[in-house]
Amino acid sequence: MAGFDVSGAIRWARFDPRRALARRPDASLPFANEAEIGGQPLLLDTCVYIDQMQGRAPNLVEQLVQGRLVNHSTVAIQELMHTVGVLDPADNRTARVVKTIRAEIEAMPDHRTFTPDADVLGRAALLAGMLSRLQGYARDASLKAFQDCVLYLQAQKLGFTALTGNIGDFDLMMQLVPTGRVLFFYRAGG
């Protein structure tokens, strides 16, 4: 396994602002639109799978998924499996939800599923720590920010565009690391 370049990551993080960031207006953000159905390969954020499973993904997301090369991150697998772990086995709905999540994960082709490397993980931890400090995140939000940062930086490193409905958090990451590519969407009816 390749070593992690701590000095390089610290140099990379010199963009560190000293004050909290604010979500930018929609007009300043890269929202998906019908003109962008084709384009660079996608890396799906976990919310895409959840919105699809719950029928909340807008038609545009379905068109993007059909029109582009779709890639998956082990980050999404972790988050989906965490959901399986927290579900109450005594709840009558759990078996159906677990079956749906299992099918979603099993449909991810091995050759299109990527695991973040030490560089992505180390820089994502640094970026998530900075966001947690700047935004005053509590522990749960800090851990979620780490997963989001991993996916964002993994997409950047692989040359993919992250597809997400998580506008607030990914906008903050884009402000700190503007070289990543993201397409945003609003949930159907949202």
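Visitor: Where is Asp45 found?

Guide: Asp45 is found in the loop between S1 and helix H2 (46-53). The helix and strand labels are DSSP runs numbered from the N terminus: H or I with at least four residues for a helix, E with at least two for a strand. Before we go on, this is a predicted model, where local features need pLDDT of at least 70 and side-chain atom pairs count only at pLDDT 80 or more, while totals for chains, interfaces and linings use all residues. Residues are numbered from 1 along each chain as its sequence is written, and side-chain values use heavy atoms, with hydrogens and water left out.

Visitor: How do you know that Asp45 has no salt bridge?

Guide: Start with the rule: a salt bridge needs a side-chain nitrogen of Lys or Arg within 4 Å of a carboxyl oxygen of Asp or Glu. For charge, Lys and Arg count as positive, Asp and Glu as negative, and His and the chain ends are not counted. The nearest side chain of opposite charge to Asp45 is Lys144, 6.0 Å away, so with a cut-off of 4 Å there is no salt bridge for Asp45. Asp45 is buried all the same, which means under 20% relative accessible area; exposed is over 50% and partly exposed lies in between (1.4 Å probe, protein chains only).

Visitor: What is Asp45 in contact with, leaving aside its neighbours within four places in sequence?

Guide: Asp148, Leu151, Leu163, Thr164, Asn166 and Phe170. Contact here is heavy atoms within 4.5 Å.

Visitor: What makes Asp171 and Arg24 a salt bridge?

Guide: Their closest N and O atoms are 2.6 Å apart, so the pair passes the 4 Å rule. The two sit in distant parts of the chain, 147 residues apart: Asp171 in helix H8 (residues 167-176), Arg24 in the loop between helix H1 (6-12) and S1. Asp171 has 0% relative accessibility, so it counts as buried, whereas Arg24, at 26%, is partly exposed. By this rule the count of salt bridges comes to ten.

Visitor: Which salt bridges does Asp51 form with Arg56 and Arg187?

Guide: One joins Asp51 to Arg56 at 3.1 Å, N to O, and another joins Asp51 to Arg187 at 2.6 Å. That second pair spans 136 residues, from helix H2 to the segment after strand S5 (181-184).

Visitor: Why is Asp51 called buried, and Arg187 partly exposed?

Guide: Asp51 has a relative accessible area of 1%, so it is buried. Arg187 is at 39%, so it counts as partly exposed; Arg56, at 29%, is partly exposed as well.

Visitor: Which residues of H2 are buried?

Guide: Thr46, Cys47, Val48, Tyr49 and Asp51. Their cover includes S1, helix H3 (59-67), S2, helix H4 (74-86), helix H5 (94-106) and strand S4 (161-164). Just after H2, Gly55 takes a positive phi of about 70°.

Visitor: How do you know that Cys47 is in no disulfide?

Guide: A disulfide is a pair of cysteine sulfur atoms within 2.5 Å. The closest cysteine sulfur to Cys149 is that of Cys47, 15 Å off, and that is too far for a bond. By this rule the disulfide count is zero. Both cysteines are buried, though: Cys47 has a relative accessible area of 13%, and Cys149 is at 0%.

Visitor: What makes S1 and S2 a pair?

Guide: Two strands pair if DSSP finds at least two bridges between them. Two bridges join strand S1 (residues 42-44) to S2, so they make the cut, and they run parallel. Leu43 stands opposite Asn71 in S2. S2 also has two bridges to strand S3 (residues 113-114), again parallel, with His72 opposite Thr113. Along S2 (residues 70-73), Val70 and His72 point one way, Asn71 and Ser73 the other, and all are buried.

Visitor: How many bridges join S4 to S5?

Guide: Four, and the strands run parallel; Leu163 has Leu183 in S5 as its bridge partner.

Visitor: Why is the unit made by S4, H8 and S5 called right-handed?

Guide: A crossover earns that name if, with the strands pointing away from the viewer, the path from the first strand over the helix to the second runs clockwise. S4, H8 and S5 make a right-handed β-α-β unit, so here the path from S4 over H8 to S5 runs clockwise in that view.
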